[in-house]
Amino acid sequence: MLPIRRLSSVSRNVLRVGLIPADGIGREVIPAARLAIEAVGSSIPKPEFIDLDAGFEYFQKHGKALPDATLQKLKNECDCALFGAVSSPSTKVAGYSSPIVALRKAMDLYANIRPVVGVSINSTQRYNISSFQGFFVQ
């Protein structure tokens, strides 16, 4: 997998985005996020979306919360991913562990780093990046 810095500087025609709605509100926010990405238009490479599975409901049907196929597609076919939300059982369920934790371990993601840059409301004006730039680390 390419480091984040290299991904941002590689010239590309397509941006492959893995979509993992998982459970609950993820089924609402991931389609909305997809529409937002598509609305960006020519400012980014043409997005291609890859639907992926994970979550408690997936675990209830298949016995695993994070399928190997999801991990393999993320590692080999996706440039980035959007993860929705995961339902958690209110009591311990034998064999279940959080797919987001498993995903972070498998992809070696131990900090959730989100670059933040302001965007001008007026598309004809350039935003003064020096007025706001930073990182949000979770």
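Which residues are buried in helix α4, residues 68–77? I begin with that helix, and I should say at once that what we have in front of us is a predicted model. The buried residues in α4 are T70, L71 and L74. They span an arc of only 100° around the axis, which means that they sit on the same side of α4. As for what that side meets, the buried residues of α4 pack against β1, which is 14–22, against β3, which is 80–85, and against α5, which is 99–106.

Let me step back to the protein as a whole before returning to those partners. The protein has five helices and five strands, and, read from the N terminus on, the order of its elements is α-β-α-β-α-α-β-α-β-β. There are 138 residues in the protein, and 24% of them count as buried. The accessible surface comes to about 9,800 Å², with 54% of that surface belonging to carbon and sulfur atoms. If we take the contacts between residues at least 6 apart in sequence, 67% of them join residues at least 24 apart.

Now to β1, which I have already named as a partner of α4. This strand is mostly covered, in that seven of its nine residues are buried. With strand β2, residues 46–51, β1 pairs in the parallel sense, and the pairing extends over six bridges; within it, G18 has I50 in β2 as its bridge partner. β1 also runs parallel to β3, to which it is joined by five bridges, and here the bridge partner of A22 is A85 in β3.

The connection from β1 to β2 brings in helix α2, residues 26–40, since β1, α2 and β2 together make a right-handed β-α-β unit. α2 has 15 residues, and the distance from its first C-alpha to its last is 21 Å, close to the 21 Å expected at 1.5 Å a residue. Which residues of α2 are buried? They are G26, I30 and I37, and because they cover an arc of only 30° around the axis, they lie on the same side of α2. The buried residues of α2 pack against β1, β2 and β3, whereas the face turned away from the buried side carries the exposed residues E28, L35 and A39. Just after α2 comes G41, which takes a positive phi of about 70°.

Taking the two helices together, β1 and β3 are among the elements that the buried residues of α4 pack against, and β1 and β3 are also among those packed against by the buried residues of α2.

I would like to close with α5, the helix that appeared among the partners of α4. One residue to look at there is A102, which lies in α5. Is A102 buried, exposed or partly exposed? Its relative accessible area is 30%, and buried would require under 20% while exposed would require over 50%, so A102 is partly exposed. The C-alpha atoms of A102 and L66 are separated by 7.3 Å, although these two residues are 36 residues apart along the chain.

Note on methods
Residues are numbered from 1 along each chain as its sequence is written. This is a predicted model: local features need pLDDT of at least 70, side-chain atom pairs count only at pLDDT 80 or more; totals for chains, interfaces and linings use all residues. Side-chain values use heavy atoms; hydrogens and water are left out. Buried means under 20% relative accessible area, exposed over 50%, partly exposed in between (1.4 Å probe, protein chains only). Helices (H or I, at least four residues) and strands (E, at least two) are DSSP runs, numbered from the N terminus. The arc is that of the directions from the helix axis to the C-beta atoms. Contact means heavy atoms within 4.5 Å. Two strands pair if DSSP finds at least two bridges between them. A crossover is right-handed if, with the strands pointing away from the viewer, the path from the first strand over the helix to the second runs clockwise. Accessible areas come from the Shrake-Rupley method with a 1.4 Å probe; for residues, only the protein chains shown count as cover. The expected span of a helix is 1.5 Å times one less than its number of residues.
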